[in-house]
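New to this one? Have a look at the chain below, and then we'll walk through some of its parts.

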Amino acid sequence: MADRQGVLVIGEVANGKLEASSTEMLAHGRKLADSVKEPLSIALLGQDLGALPKEAIAFGADKVYAVTDPLLKEYQVDAYLAAITKLAQQHSPRIVLLAKGPIGSEVGPRLAFRLDTGVIQDCVEVKIDAEKRLTANRPVYGGNCTATVTSFGEPMMAIVRPKTGDPLARNDGRHGEVVAFSPRLEASVVKSRVVTRVEQPQAGIRLEEAAIVVSGGRGLGSAAPFSNEIKELADLLGAAIGASRAVVDAGWITHDHQVGLTGVTITPNLYITVGISGASQHMAGCLGSKAIIAINRDSDAVIFNDCRYGVVGDWKKVLPAFIQQIKAMK
Ligand SMILES: Cc1cc2nc3c(=O)[nH]c(=O)nc-3n(C[C@H](O)[C@H](O)[C@H](O)COP(=O)(O)OP(=O)(O)OC[C@H]3O[C@@H](n4cnc5c(N)ncnc54)[C@H](O)[C@@H]3O)c2cc1C
């Protein structure tokens, strides 16, 4: 423990850009690093990182490990894992943070195994306790309870949900150090390769990244409102469209719109639900929303326990009036 030092964020780069989740992890990491009075570093992986290390410093990193290798040109789990393992073994961070995304979820548990430690998954809050231990809150039992978990491993690792904290304000005047790290990867570390990539056409804003989400449930009665009223409201607000599992199962909308335990976890600033009862499995995916507005004709619907504003009424009357009001305000 004594020779371990600092907080290391495993950054994610996509299409030559620092992912938003990485700037959020830097904000979480900054708080932890300041608590233990140790530096905050970030590992950025790729073949050529361009100006990204400077950007990471502007968002709070004291040090950037620029991890470059031809095998890191595109994300591949074996190559990333080998490179990050070497980096962590060489630099011995006290704490390692990853974002819960395609890379963090795949690399995080494997990295913990390689480093002979544990990892706290699906965290919504991370802090340092009185014994300088990493302590995290994570939703359990379908979001009905929150567990507080303390790490006793070395290093202490956590995988944190995106949108659980705001990035620090960008400051291009911040100073930091960029350290080149070459993992010298052998081609044999790569045990699988991507044969083909199929890009899913993205209609509208991605649910996970949306600041506003409008979701519809079984109370809509049919698929039609998703192309009419729900879409109109979402377009007006610049929102993504979500759904409950009931309507996905009914075939009214595709699964990539499903919010909840077996769907997408969202943390928008504003979440508007229309004809959704508020089952715990649905709420497990949206309780991190800053404000929930619920429209439901049943005043006893459980969603009213969790929403900030609730409208008891038939959506067929409420929604057109709501849309009119927003148009008038615009
Ligand atoms: C293991 C497991 C995993 C699950 N995962 C998920 C998940 O990821 N996401 C998810 O959503 N669900 C999930 N579920 C299902 C979940 O338990 C609920 O069945 C589902 O969320 C209900 O969807 P709903 O609210 O649209 O439908 P309902 O529960 O049928 O609610 C419809 C609501 O619409 C209201 N309503 C009806 N007509 C109107 C009207 N005209 N105007 C206004 N309101 C109206 C009703 O009052 C009612 O409250 C899961 C279940 C299990 C067992």
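## A five-strand sheet

Before we start on the sheet, one bit of vocabulary: two strands count as paired when DSSP finds at least two bridges between them. Keep in mind, too, that this is a predicted model.

With that in hand, look for an open sheet of five strands, lined up as β14-β13-β15-β16-β17 and paired in parallel. The edges belong to β14 (240-243) and β17 (309-312); each has a single partner strand, so one side of each has no neighbour in the sheet. From one strand to the next, the twist averages 15°.

Zoom in on one pairing: β16, residues 291-296, is joined to β17 by four bridges. I293 has Y309 of β17 as its bridge partner.

## Helices across the sheet

Two helices are worth finding here. Helix α6 (residues 229-237) lies across β13 (212-216), β14 and β15 (270-274), and runs at about 175° to β13. Helix α10 (residues 315-329) lies across β15, β16 and β17, at about 135° to β16.

## Nonpolar cores

Nonpolar side chains in soluble globular proteins tend to be buried together. In this model, the largest nonpolar core has 55 residues, and A43, L44, A56 and A158 touch the most other members. The biggest contribution comes from helix α3 (residues 77-91), which gives seven residues. There's also a second, separate core of 34 residues, with L207, V213, L233 and M283 among them.

Back in the largest core, what does L44 touch, leaving out residues up to four places away in sequence? Its contacts are G11, V13, L49, L52, P53, A56, V64, A66 and V67.

## Helix α4 and its kink

Helix α4 covers residues 102-114, 13 residues in total, and spans 19 Å from first C-alpha to last, close to the 18 Å expected. There's a kink of about 30° at G108, shortly before the proline P109. After α4 comes D116, with a positive phi near 60°.

G108 is also one of the buried residues of α4, alongside I103, G104, V107, L111 and A112. Among the elements covering these buried residues are β1 (7-10), α3, β6 (95-99), β7 (119-123) and β11 (156-160).

## An exposed threonine

T148 sits in strand β10, residues 145-150. Is T148 buried or exposed? T148 counts as exposed, because it has 12 C-beta neighbours inside 10 Å and the cut-off for exposed is 12 or fewer. Setting aside neighbours within four places in sequence, T148 is in contact with T135 and N137. V190 is 42 residues from T148 in sequence and 36 Å away in space, C-alpha to C-alpha.

Terms used:
Residues are numbered from 1 along each chain as its sequence is written. This is a predicted model: local features need pLDDT of at least 70, side-chain atom pairs count only at pLDDT 80 or more; totals for chains, interfaces and linings use all residues. Axes are lines fitted to C-alpha atoms, for helices over the stretch in contact, and angles run from 0 to 180 degrees between N-to-C directions. Two residues are in contact if their C-beta atoms, placed from the backbone, lie within 7 Å. A residue is buried if 20 or more other C-beta atoms lie within 10 Å of its own, exposed if 12 or fewer, and partly exposed in between; C-beta atoms are placed from the backbone. A nonpolar core is a set of buried Ala, Val, Leu, Ile, Met, Phe, Trp, Tyr and Cys residues joined through C-beta atoms within 7 Å. The expected span of a helix is 1.5 Å times one less than its number of residues. The bend at a residue is the angle between axes fitted to the seven residues ending there and the seven starting there.
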